[in-house]
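Subject: Structure for you to look at

Dear colleague,

Here is the structure I said I would pass on. My notes follow it.

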Protein chains: 2
Amino acid sequence: MANITKKVSWSSRADETGILGEGTPLLNGSEQLTHSRQPSEGRSVFQIGRLSTVDLEEEITSDEDSQRGRPNEIPHNEKLLSLKFESLDYDNIENQLFLEEERRMSHMNFRCLEISRWVVCGLIGFLTGLIACFIDIAVEELAGIKYQVVKKNIENFTEVGGLSISLLLWAVLNSAIVMVGGIIVAFFEPIAAGSGIPQIKCYLNGVKIPRVVRLKTLVVKVAGVICSVVGGLAVGKEGPMIHSGAVVAAGVSQGRSTSLKRDFKIFEYFRRDTEKRDFVSAGAAAGVSAAFGAPVGGVLFALEEGASFWNQMLTWRIFFASMISTFTLNIFLSVYNKNPGDLSNPGLINFGRFPVDGVAYNFYEIPLFIAMGAIGGLLGALFNILNYWLTIFRIRYVHRPCLQVMEAMLVAAVTATVSFTMIYFSNDCQPLGPEDKKEYPLQLFCADGEYNSMATTFFNTPERSVHSLFHNQPGTYNPLTLGLFTLTYFFLACWTYGLAVSAGVFIPSLLIGAAWGRLCGFLLAAITTPAPLWADPGKYALIGAAAQLGGIVRMTLSLTVIMVEATGNVTYGLPIMLVLMTSKIVGDYFVEGLYDIHIKLQSIPFLHWEAPATSHWLTAREVMSSPVTCLNRIEKVGTIVDTLSNTSTNHNGFPVVVQVSGSDEPEKLCGLILRSQLIVLLKHKVFVELARSRLTHRKLQLKDFRDAYPRFPPIQSIHVSQDERECMMDLTEFMNATPYTVPQETSLPRVFKLFRALGLRHLVVVDDENRVVGLVTRKDLARYHIGKHGLEELQLAQT
Amino acid sequence: MANITKKVSWSSRADETGILGEGTPLLNGSEQLTHSRQPSEGRSVFQIGRLSTVDLEEEITSDEDSQRGRPNEIPHNEKLLSLKFESLDYDNIENQLFLEEERRMSHMNFRCLEISRWVVCGLIGFLTGLIACFIDIAVEELAGIKYQVVKKNIENFTEVGGLSISLLLWAVLNSAIVMVGGIIVAFFEPIAAGSGIPQIKCYLNGVKIPRVVRLKTLVVKVAGVICSVVGGLAVGKEGPMIHSGAVVAAGVSQGRSTSLKRDFKIFEYFRRDTEKRDFVSAGAAAGVSAAFGAPVGGVLFALEEGASFWNQMLTWRIFFASMISTFTLNIFLSVYNKNPGDLSNPGLINFGRFPVDGVAYNFYEIPLFIAMGAIGGLLGALFNILNYWLTIFRIRYVHRPCLQVMEAMLVAAVTATVSFTMIYFSNDCQPLGPEDKKEYPLQLFCADGEYNSMATTFFNTPERSVHSLFHNQPGTYNPLTLGLFTLTYFFLACWTYGLAVSAGVFIPSLLIGAAWGRLCGFLLAAITTPAPLWADPGKYALIGAAAQLGGIVRMTLSLTVIMVEATGNVTYGLPIMLVLMTSKIVGDYFVEGLYDIHIKLQSIPFLHWEAPATSHWLTAREVMSSPVTCLNRIEKVGTIVDTLSNTSTNHNGFPVVVQVSGSDEPEKLCGLILRSQLIVLLKHKVFVELARSRLTHRKLQLKDFRDAYPRFPPIQSIHVSQDERECMMDLTEFMNATPYTVPQETSLPRVFKLFRALGLRHLVVVDDENRVVGLVTRKDLARYHIGKHGLEELQLAQT
């Protein structure tokens with residue numbers, strides 16, 4: 001939590017008026033909450049946004065309006081920034097121990113290290129591919145059994161009547177499976193809920209999310225995602241692959257498992273945040289690669305979400321992991337499909353081959369694509385807003401694990417019921433072609449040799465449905481089917497995302513988009529009947545899918561490449577890019593992307609790419625936390641223990657200062673030391689007994705710090721006797737002697753750039769005498785953002 | 001050239017023994033040259049590499065050996081670092097003027113800026129696409145005329161004898177065309193020679209290469225590349241597209257042309273290095289995109305070569321420019337090909353469609369691919385070594401423009417002669433299929449209805465030849481043809497690269513690789529005759545092309561993506577990646593990539609991704625230049641003029657210091673100011689007359705600096721009278737008040753990371769009292785590199 005002196009003096013107007021406790025508006029009105037003042041300096045943040053008093057009054061009015069008109073709910077932690085998240089250290093701690101080790105290493109040692117990095121990346125790719133393969137096969141087999149059972153049951157009852165029993169069977173089956181998935185997630189590892197993409201984004205950004213890369217999380221995630229998909233929820237198994245890959249990477253690269261209490265004594269060099277992050281990027285990329293068969297897309301995802309500093313060798317390693325991952329999946333799936341060597345399953349989802357011969361699209365279709373992008377942006381924004389409200393509702397009312405499991409079961413039952421109803425009342429019968437490879441065609445009330453086309457979308461795993469929508473012949477679906485499907489699936493998917501189950505939002509988004517995209521294609525073909533050129537509904541389904549997905553998640557370059565790689569056809573690059581761009585622009589006008597919304601709702605101090613545009617007004621002096629708790633280079637043990645034990649501040653990094661003894665000179669900054677390092681020092685009793693004035697301990701090695709990484713014990717678990725409290729501790733060897741510093745006048749964008757580019761955790765602000773005057777941490781920077789009224793500031797909160 | 005106090009005291013052993021003047025070995029032996037000592041500190045750089053004295057003695061022996069055994073030549077500027085290259089400022093100069101402007105800007109202003117950035121990127125893409133289109137059409141038409149003339153001539157003489165006249169015609173035609181290209185390059189704009197990729201790499205890296213992004217360079221480049229390709233040299237027109245795109249970007253983004261003396265008064269905000277670099281990245285990407293039809297590859301190229309700080313919005317804009325570029329080219333070429341709307345020409349080179357149905361490659365072929373990668377790496381290294389020797393020869397003996405033109409003409413004549421000879425003596429006749437679309441099939445001595453297959457590779461533009469090698473039916477070429485072609489083309493291409501003509505090395509590399517790759521495929525098919533599975537020579541041609549190109553240029557991720565996009569087939573991703581990786585590893589074992597060799601030979605201070613691995617021994621204290629010329633915050637004009645006029649130092653950045661008046665306190669660092677800023681201040685006479693103690697000048701605006709950017713006048717052109725010399729200048733408003741600083745103990749990797757990640761030009765080293773003790777510039781960091789004997793140091797030289 002870094003050296004933040006909690007700015008309790010900065011009370012928000014909301015606090016002053018007590019609005020926060022009574023009821024505040026949800027979306028529009030809530031922005032005002034954040035206008036905090038800084039009475040101590042007499043300058044309100046309003047001035048930064050340069051709001052006149054007239055604006056202020058207007059705002060108050062609207063505030064009152066919203067109090068009257070809106071539901072009486074508290075946005076749980078909307079517009080707050082939680083202090084509970086720690087940062088990761090993506091800057092090497094260059095203390096004497098580290099430098100000594102580096103200096104001992106020869107060029108050959110560095111070569112070996114480089115080779116082991118490659119080996120680790122290969123392993124990450126391989127294991128991620130295996131996991132993807134396992135999930136795929138498990139889902140395939142289990143869903144197969146389920147659909148066979150239900151299908152047989154439906155067929156039995158279709159003629160004799162009593163289909164309600166089939167419905168019941170279906171609903172109960174689904175609920176039961178989802179219950180299992182819900183229980184393991186809600187009770188054993190809540191962090192495994194959802195797709196995990198927001199969490200990995202945060203991790204790569206430098207926020208420590210507790211337990212996010214543990215083995216247990218992986219196990220729950222994998223089991224959970226299988227249950228969710230088999231349970232028939234409107235979810236995909238692709239998003240969770242990214243999280244799984246990241247966990248694999250974090251595990252493999254450390255050469256040990258704390259959960260299993262095994263230490264293989266390898267890769268010890270990689271036991272620090274900097275190295276671990278590189279591997280986690282590779283793992284995430286491998287996950288994307290396995291999920292979509294998109295190795296380049298995976299690399300771009302890792303870069304887009306994580307990296308700020310582009311390093312050629314790192315990128316190349318990430319690409320290697322991605323390639324190995326998709327290749328492993330491909331090989332194993334080809335064996336599973338009894339066609340070994342046929343490398344045509346590069347990913348979990350297969351968009352299938354789009355025709356490459358002839359004209360892919362015409363010049364004059366491009367405006368249509370852009371229009372579809374706009375529709376996708378609108379629908380995506382709607383999806384996100386609905387999900388936002390739902391999430392707030394969940395945070396308030398559905399936070400107990402058993403309630404969460406029950407909600408998941410309810411959703412499963414409703415999904416089954418809705419699906420059944422849709423199929424039941426649909427009379428869209430299509431002839432069963434000889435080449436039809438749909439595995440579970442439901443005949444229902446159709447004539448013999450025909451099947452119900454609504455069932456091909458509902459009575460199937462979502463991946464298969466996407467494939468059908470992309471590739472089935474024109475005329476397979478009638479427009480009513482598509483329209484109804486879009487509508488119901490939209491709400492189902494929206495309700496489903498955020499449940500306490502492991503599941504991704506990619507596939508449902510693609511499915512919704514493909515459905516309305518195909519509808520667009522159908523309508524266009526109907527309007528321009530004499531011109532059959534536009535009649536390829538599969539193409540419009542693809543564009544619709546891209547638009548909808550882009551509108552919801554708002555990823556840009558990586559998503560384009562993922563889509564292109566998944567279609568295996570470079571020709572669609574330009575339209576997909578245009579569509580994604582349009583949907584992002586349109587969507588961003590209303591609300592942020594889904595992942596960003598969830599990150600914000602958890603009050604995570606996430607650093608964006610750049611400081612807010614209008615933040616040149618602010619300088620380090622204003623954003624820094626002060627006063628700072630500093631330690632002396634040779635400090636009393638008691639002082640250190642007290643400082644670390646102070647739960648009201650709970651600082652994580654301490655500037656180390658030195659004073660020329662006996663002089664009047666001010667204390668100069670000479671280093672920076674972390675809580676975790678101090679803990680290790682205390683644990684190993686690295687004390688100097690003043691009486692004898694010599695070292696009483698063995699020399700501490702870098703290894704001792706690595707062994708303790710990353711789960712450093714709390715200060716409370718370390719016993720320090722009263723005698724020991726009187727000893728001194730020499731921090732010289734262990735502190736980072738050359739921390740980055742900035743002068744007080746540095747503008748916020750400049751501070752931000754330094755902080756973000758180098759992945760810092762603490763940045764010391766000094767005056768022109770090199771005295772410590774403040775400390776800038778992640779939260780000090782993440783606080784500022786552009787709101788409706790210019791620059792706004794989030795409040796820091798302990799929750 | 002920054003504040004480098006030339007370290008003349010650091011004499012190299014080579015200097016001491018006078019080896020440099022007499023003759024030194026070329027490749028292996030030359031490394032010893034660089035072991036410089038630092039007698040003043042008594043610590044030799046040898047200690048850094050930890051060479052024992054035994055090693056030292058051995059080395060001296062080998063040194064003597066090499067003096068005896070090797071040719072008596074001086075590597076012109078091998079292992080030197082030139083002081084003549086200035087750096088670009090990729091860190092914003094945040095002085096008061098800048099901050100005031102930023103603070104005046106509202107959120108809406110920033111939005112508009114963002115939109116204009118998009119507009120500029122769109123324009124860049126459009127214009128780059130147009131240029132590519134122009135080059136393509138010009139080459140197509142002119143080469144068509146040439147080949148028709150020669151073909152008719154050959155056909156006339158085939159029967160009556162006297163083909164030597166045809167040869168003469170061909171050789172003279174080629175030489176004449178190349179002469180034109182050579183003259184404009186050698187006499188008017190030498191920087192337009194070659195592919196321009198090394199220059200753009202340097203520009204993006206932060207090195208200012210004079211005249212590299214000027215309009216004149218673009219014109220010469222475009223005309224030159226047309227001449228080279230039409231002149232039948234073993235060159236491609238793809239590489240120069242990257243340079244062209246970069247020039248377009250630099251021009252468009254500035255909203256004016258200094259060459260044409262037109263200022264459109266738009267985009268003035270973009271007139272600084274930081275913004276310009278972003279656009280140049282986009283231009284380079286657009287160039288790649290147009291050249292290969294590879295928009296994603298273009299983005300990755302720009303990132304791989306240029307960006308160190310990844311910014312999502314920037315990447316997205318670069319992608320936009322790339323897409324527009326390939327799309328523009330596609331549209332215009334479709335119109336030119338009289339098939340408007342058929343978007344099947346995304347790039348200048350078209351690899352053609354590889355079959356997507358069925359199995360692309362088998363699992364067990366992968367070792368073969370890797371072996372081919374190794375061959376590519378070996379051949380690439382050979383190519384680079386030969387070219388390296390050739391380049392040194394050229395630097396020494398062929399530096400006069402007329403000699404350069406003559407060499408180019410010679411190469412053109414030899415190319416024609418060799419081609420003709422090869423065709424003449426080849427008796428590889430193939431039946432002329434009805435579907436054959438070869439435009440210039442030469443019958444020569446073949447029977448009617450047959451054509452000479454050697455001629456399809458030699459008597460064609462290189463792009464067409466590549467296409468034929470990839471796609472012609474198995475059996476089109478006999479192995480002898482392929483072998484001979486590989487051999488001759490290899491040497492021709494090697495001789496051609498580095499000539500004073502605009503030309504790229506991509507296509508020749510692809511062509512060589514495709515030829516021997518096809519040969520490999522043929523041999524494999526011959527060995528495994530009963531198993532016709534391996535008999536697709538086109539596939540092996542593709543793999544060979546990738547291997548050869550990778551072996552020569554050593555680009556990694558971007559090249560993979562470029563190749564994949566150019567084939568339009570994602571399936572080949574994995575083998576291409578494996579091949580490129582292998583060829584890079586094998587090639588790197590022997591020698592660097594071609595572009596890096598040429599960068600090194602020009603002694604450019606290029607910063608790699610990371611500091612050398614074993615450089616933790618060094619600290620800022622050792623690498624910095626000192627003493628530093630500092631200026632006072634309020635400085636006498638005369639002092640400033642004298643400092644700027646000092647040609648022996650020629651500093652470019654000056655720390656500004658301040659001393660509490662009348663106190664004994666040391667001078668504290670308070671800012672940093674650039675030569676270019678001081679020049680503008682002097683030009684506008686921003687002086688304070690002490691007598692009247694008031695400002696006598698109008699207030700200087702940021703606009704004044706922007707108008708002068710980027711061609712600031714030299715100090716000699718500014719007249720300062722004796723009276724004015726006595727005035728004072730107040731630098732407060734103009735200096736960057738918050739320069740980045742590091743303490744003296746900071747390790748080199750840490751300094752390097754800060755410098756590289758933030759794109760700095762000057763980094764001030766301070767002591768713990770905030771006094772200036774040194775300055776780190778690009779050359780101080782680029783000096784260190786890993787050589788054969790551990791860490792080595794390049795010498796700084798004025799040339």
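Chain B falls on chain A after a rotation of 180° with 0.0 Å of shift along its axis, at an RMSD of 0.0 Å. That is the relation of a two-fold axis. Please keep in mind that this is a predicted model.

The interface

The contact between the chains takes 65 residues from chain B and 65 residues from chain A. On the side of chain B that touches chain A, the elements giving two or more residues are α5 (96–104), α6 (107–160), α12 (295–305), α13 (312–336), α21 (557–567), α22 (573–590), β15 (741–743) and α29 (748–758) of chain B. The most comes from α13(B), with eight residues. By class, this side of chain B has 34 nonpolar, 17 polar and 14 charged residues. Of the interface residues of chain B, 98% are also interface residues in chain A, so the copies meet through the same surface.

Helix α21 of chain B

One of the elements listed for the interface, α21(B), is also mostly covered, as eleven of its eleven residues are buried. They are B:L557, B:S558, B:L559, B:T560, B:V561, B:I562, B:M563, B:V564, B:E565, B:A566 and B:T567. What do these buried residues of α21(B) pack against? In chain A, the partners are α12 (295–305) and α13 (312–336). In chain B, they are α11 (273–292), α12, α20 (537–553) and α22. Just after α21(B) comes B:G568, which has a positive phi of about 65°.

Two helix pairs within chain B

The first pair to look at is helix α7 (residues 163–188) and helix α15 (residues 401–425) of chain B, which pack at an angle of about 150° with their axes 8 Å apart. The cut-off for roughly antiparallel is an angle over 145 degrees, and α7(B) is therefore roughly antiparallel to α15(B). Their crossing is right-handed. From α7(B), the residues that meet α15(B) include B:L163, B:L167, B:W170, B:V178 and B:F187. From α15(B), those that meet α7(B) include B:P401, B:V405, B:M409, B:F420 and B:Y424. The contact of α7(B) with α15(B) divides into 18 nonpolar, six polar and no charged residues.

The other pair is α6(B) and helix α10 (residues 239–254) of chain B, packed at an angle of about 140° with axes 9 Å apart. That makes α6(B) oblique to α10(B). The crossing of α6(B) and α10(B) is right-handed. On the α6(B) side, the contact is made by B:V120, B:L123, B:I124, B:L127, B:T128, B:I131 and B:A132. On the α10(B) side, B:M241, B:S244, B:G245, B:V248, B:A249, B:V252 and B:S253 take part. The contact of α6(B) with α10(B) has ten nonpolar, four polar and no charged residues. Note that α6(B) is also among the elements that give two or more residues to the side of chain B that touches chain A.

One further residue

B:D707 sits in helix α27 (residues 702–708) of chain B. Is B:D707 buried or exposed? Neither label fits: B:D707 counts as partly exposed because 13 C-beta neighbours lie inside 10 Å. Along the chain, B:D707 and B:G759 are 52 residues apart, and their C-alpha atoms are separated by 23 Å.

Regards

Key:
Residues are numbered from 1 along each chain as its sequence is written. Chains are lettered from A and ligands numbered from 1 in the order in which they are written. This is a predicted model: local features need pLDDT of at least 70, side-chain atom pairs count only at pLDDT 80 or more; totals for chains, interfaces and linings use all residues. Two residues are in contact if their C-beta atoms, placed from the backbone, lie within 7 Å. Helices (H or I, at least four residues) and strands (E, at least two) are DSSP runs, numbered from the N terminus. Ala, Val, Leu, Ile, Met, Phe, Trp, Tyr, Cys and Pro count as nonpolar, Asp, Glu, Lys and Arg as charged, and the others, Gly among them, as polar. Copies are superposed by least squares on the C-alpha atoms of residues with pLDDT of at least 70 in both. A residue is buried if 20 or more other C-beta atoms lie within 10 Å of its own, exposed if 12 or fewer, and partly exposed in between; C-beta atoms are placed from the backbone. Axes are lines fitted to C-alpha atoms, for helices over the stretch in contact, and angles run from 0 to 180 degrees between N-to-C directions. Angles under 35 degrees count as roughly parallel, over 145 as roughly antiparallel, 65 to 115 as roughly perpendicular and the rest as oblique. A crossing is left-handed if the near helix is turned anticlockwise from the far one by less than a right angle, and right-handed if clockwise.
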